Each structure stands twice: as structure tokens, then as C-alpha cells.
Amino acid sequence: MLAEVAACRVCAAELPLGPRPVVRLGPSARLLIIGQAPGTRVHETGIPWNDRSGDQLRAWLGLDRDTFYDTSRIAIMPMGFCYPGVLPQGGDAPPRPECAPLWHDRLRRHLPAIKLTLLVGAYAQARYLGTRQMTETVRDFATHLARGFFPLPHPSWRNTAWQKRQPWFGAEVLPALRRQLAGLWAD
């Protein structure tokens, strides 16, 4: 299945740097991280979350790089597998809409041990929770745990001001997230 993903060219004509799907999976992984789409550095290296956003996400999770990239523990699958480019007015383009419908369900069937899925950013939350308001969705994280989902904002530097305006995020959400992660590998 991963070879099929690597060979995908469905939206190649729309990708400014060409296709380079960035996905990491292992059948024993208990945590699935669904983010947005690779940035330029991730596209260059082929390593998901290999940028400042990844540093911030690992800090939120309380995980070092070795643990974070251990596919026996953590699977990483973005909404769009390839770098989508930038918008005309600046900022990252949204994930290509073809990826998630084409690949997510198929790949998730190969992840039988997943106990918790982090939905990082509004695109993942919209697809899996049907929500549109990221702040409300993150604040109500506990209501989504029964279905195995934990919503988070994207850890981009662009969300630094959002974090400052939402002191409950650091005080309530991040400690709850770390407790959930500790429970994943405790049994």
C-alpha cells in the first residue's frame, strides 16, 4: 500500500514541486497524527513535521524526535500527502482535495492498533468531525475522545497569537493530551 502511495500521480499537474507523498505508517502504531500537508522543507527531506511546526508539535506532545518518528508507535498521515504550494496572496495553499478521499480510509484499515488520532488543524477536523470552528473544536476536545479523536490547532508560528488569546489551551488541553499519550503506551 505504501508503494502505491509513493507512486501516486493523481494531482501531479497541480503540484508546483511535483509529487512526493509524505506518509509514515506502521501496523503496530497506537497514535495517528493527521495534519494538513507538507511544507517545502518536508517536501525536500521527505520527513513529516521536519520543520518548526514539527518542533512545536513535539513540544506539545512531550515527545523527542526518536519517539515521534518511531512508526511502531506513531503513524503520520496528512490530509494532503504532497506540498500544495502557496496561495496568490501568500500563505500555504490548502491540502489537495484528492488525497484524503482516495487514501485515508484505505490506509487506516492497515492501522488496527490505533487508539488515538490527533486531528491537527481545521482541515483534518472538518473531515473527521464535521466541524468548521477550530477554536471551539479544540476547546471541546473531551467530547471527541470517545470516538478516539483529539483536535489540536496547527502548531505553526502563525498560530502563536491564537495560543496567547487562548490560555486554556496550555493550561487544560496540553496536559490532557499528554495524559492521553501516557495511557497509550502504558498497557
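A residue is termed buried when its relative accessible area is under 20%, exposed when that area is over 50%, and partly exposed in between. The close-up views below all show a predicted model.

**Close-up of A124 in helix α6.** The residue shown, A124, belongs to helix α6, which spans residues 122-129. Its relative accessible area is 0%, and the cut-off for a buried residue is under 20%; A124 is therefore classed as buried. Leaving out residues up to four places away in sequence, the contacts of A124 are with I34, G35, M79, L119 and L129. A29 lies 95 residues from A124 along the chain, and the C-alpha atoms of the two are separated by 19 Å.

**Packing of helix α3 against helix α10.** Helix α3 covers residues 52-61 and helix α10 covers residues 167-184. The two helices pack at an angle of about 75 degrees, and their axes are 8 Å apart. Because of this angle, α3 and α10 are described as roughly perpendicular to each other. On the α3 side the contact is formed by A59, W60 and L61, while α10 contributes F169, L174, L177, R178 and L181. Sorted by class, the residues of this contact between α3 and α10 comprise seven nonpolar, no polar and one charged.

**The largest nonpolar core.** This core contains 28 residues. Those with the most contacts inside it are I33, L61, F68, L118, F150, L152 and F169. Two or more residues each are supplied by β1 (31-34), α3, β2 (74-76), β3 (116-120), α7 (134-139), β4 (149-152) and α10. The greatest contribution comes from α10, which gives eight residues to this core. A second core of 21 residues is separate from it and includes V5, A75, L107 and F149.

**Surroundings of L118.** L118 is one of the residues with the most contacts inside the largest nonpolar core. When neighbours within four places in sequence are set aside, L118 is in contact with L31, L32, I33 and I34, and also with L61, F150, L152 and L177. Of these partners, L61 and L177 also take part in the contact between α3 and α10.

**The loop between α2 and α3, with W49 and N50.** Both residues lie in this loop, which follows α2 (40-45). W49 has a positive phi of about 60 degrees although it is not a glycine. With a relative accessible area of 10%, W49 is buried. N50 is likewise buried, and its relative accessible area is 7%. The side chain of N50 is joined to that of T45 by a polar contact of 3.2 Å. Beyond its neighbours within four places in sequence, N50 contacts R41, V42, T45, R65 and Y69.

**Close-up of S53 in helix α3.** S53 is part of helix α3 and has a relative accessibility of 12%, so it counts as buried. With neighbours within four places in sequence left aside, the residues in contact with S53 are H154, P155 and S156.

**Close-up of P101 in helix α5.** Helix α5 runs over residues 99-108 and includes P101. P101 is exposed, with a relative accessible area of 54%. M79 is 22 residues from P101 in sequence, and the C-alpha atoms of P101 and M79 are 9.1 Å apart in space. M79 is also among the residues touched by A124.

**Close-up of R158 in the loop between β4 and α9.** R158 is located in the loop that joins β4 to α9 (160-165). Its relative accessibility is 47%, so R158 counts as partly exposed. Leaving aside neighbours within four places in sequence, R158 is in contact with G91 and D92. G35 is 123 residues from R158 in sequence, and the two are 15 Å apart in space, C-alpha to C-alpha. G35 is also one of the residues that A124 touches.

Notes: Residues numbered from 1 in each chain as written. Predicted model: local features only at pLDDT ≥ 70, side-chain atom pairs only at ≥ 80, totals over all residues. Heavy atoms only, no water. Axes fitted to C-alpha atoms, helices over the stretch in contact; angles between N-to-C directions. Helix = DSSP H or I, 4+ residues; strand = E, 2+ residues; numbered from the N terminus. Parallel < 35°, antiparallel > 145°, perpendicular 65-115°, else oblique. Contact = heavy atoms within 4.5 Å. Nonpolar A, V, L, I, M, F, W, Y, C, P; charged D, E, K, R; others polar. Core = buried A, V, L, I, M, F, W, Y, C linked by side-chain atoms within 4.5 Å. Buried < 20%, exposed > 50% of the residue type's maximum accessible area, 1.4 Å probe, protein only. Polar contact = N/O pair within 3.5 Å; in protein donor to acceptor, adjacent residues only side chain to side chain.
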